[in-house]
Amino acid sequence: MRTFEHFPQPTHPNQKPCPLCGTHDDKPCVLVQVDGTERDRICEAQPVHVACFTELDVARYRRDMGVIYLWCKEESRCRR
Ligand SMILES: [Zn+2]
């Protein structure tokens with residue numbers, strides 16, 4: 001994954017915050033492909049802070065499905 005030094009700021013109405021922490025904090029980020037949006041080898045991507053992958057305890061491994069997923073702040077049922 002390519003790392004970007006700055007997180008996109010909310011100057012555009014469609015620019016959503018980091019789904020893991022819910023902020024636009026100006027920290028390094030990566031672009032994560034949005035599942036189900038791929039069309040003609042192009043897809044939507046969501047910026048996510050690099051630090052949020054490791055600093056927040058939001059990762060889970062689903063052994064039976066072979067996937068690793070992360071709980072997003074806005075959709076989390078488990079409040080920290
Ligand atoms: Zn974040």
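**Exercise 1. The surroundings of T37**

Leaving aside neighbours within four places in sequence, T37 is in contact with C43 and E44, where contact means that the C-beta atoms, placed from the backbone, lie within 7 Å. The structure is a predicted model, in which local features need pLDDT of at least 70, side-chain atom pairs count only at pLDDT 80 or more, and totals for chains, interfaces and linings use all residues. Residues are numbered from 1 along each chain as its sequence is written.

*Task.* State where T37 lies and why T37 counts as exposed.

*Solution.*
- Step 1. T37 belongs to the loop between β2 and β3. Strands (E, at least two residues) and helices (H or I, at least four residues) are DSSP runs, numbered from the N terminus.
- Step 2. A residue is buried if 20 or more other C-beta atoms lie within 10 Å of its own, exposed if 12 or fewer, and partly exposed in between, with C-beta atoms placed from the backbone.
- Step 3. T37 counts as exposed because it has 11 C-beta neighbours inside 10 Å.
- Step 4. For a distance across the model, take R63: it is 26 residues from T37 in sequence, and the two C-alpha atoms are 25 Å apart in space.

**Exercise 2. Other residues of the loop between β2 and β3**

*Task.* Determine whether D35 is buried or exposed, and find the sign of phi in D40 and in R41.

*Solution.*
- Step 1. D35 is found in the loop between β2 and β3. D35 is exposed, because 8 other C-beta atoms lie within 10 Å.
- Step 2. D35 and A45 are ten residues apart in sequence, and their C-alpha atoms are 8.9 Å apart in space.
- Step 3. D40 is found in the loop between β2 (29-33) and β3 (45-49). Its phi is near 55 degrees, which is a positive value in a residue other than glycine.
- Step 4. R41 is found in the loop between β2 and β3; its phi is near 65 degrees, again positive in a residue other than glycine.
- Step 5. D40 counts as exposed because it has 5 C-beta neighbours inside 10 Å. R41 counts as exposed because it has 5 C-beta neighbours inside 10 Å.

**Exercise 3. The open sheet**

*Task.* Give the order of the strands in the three-stranded sheet, and name bridge partners, including that of L31.

*Solution.*
- Step 1. Three strands form an open sheet in the order β1-β2-β3, with antiparallel pairing. The edge strands, each of which pairs on one side only, are β1 (3-4) and β3. Two strands pair if DSSP finds at least two bridges between them.
- Step 2. The antiparallel strands β1 and β2 are joined by two bridges. F4 stands opposite C29 in β2.
- Step 3. β2 and β3 pair in the antiparallel sense over five bridges. C29 stands opposite H49 in β3, and the partner of L31 in β3 is P47.
- Step 4. As background, in a regular strand the side chains alternate between the two faces of the sheet.

**Exercise 4. The hairpin of β4 and β5**

*Task.* Describe how β4 and β5 pair, and explain why R60 is exposed.

*Solution.*
- Step 1. Strand β4 (residues 59-62) pairs with strand β5 (residues 67-70) in the antiparallel sense, over four bridges. A59 stands opposite L70 in β5.
- Step 2. The hairpin has four residues between its strands, and in it G66 takes a positive phi near 70 degrees.
- Step 3. R60 lies in strand β4. R60 is exposed because 11 other C-beta atoms lie within 10 Å.
- Step 4. R60 and L70 are ten residues apart along the chain, and 6.2 Å separates their C-alpha atoms.

**Exercise 5. The whole chain and its core**

*Task.* Which pattern does the protein chain follow along the sequence, and which residues make up the largest nonpolar core?

*Solution.*
- Step 1. The protein chain has one helix and five strands, in the pattern β-β-β-α-β-β.
- Step 2. Its C-alpha atoms fill a box of roughly 40 × 35 × 20 Å along the principal axes. Of its 80 residues, 10% are buried.
- Step 3. A nonpolar core is a set of buried Ala, Val, Leu, Ile, Met, Phe, Trp, Tyr and Cys residues joined through C-beta atoms within 7 Å. The largest consists of six residues: F7, C18, L20, C29, V48 and C52.
- Step 4. Not counting residues up to four places away in sequence, L20 touches several residues, among them V48, C52 and L70.
- Step 5. Among contacts between residues at least 6 apart in sequence, 46% join residues at least 24 apart.

Definitions and conventions: Contact = placed C-beta atoms within 7 Å.
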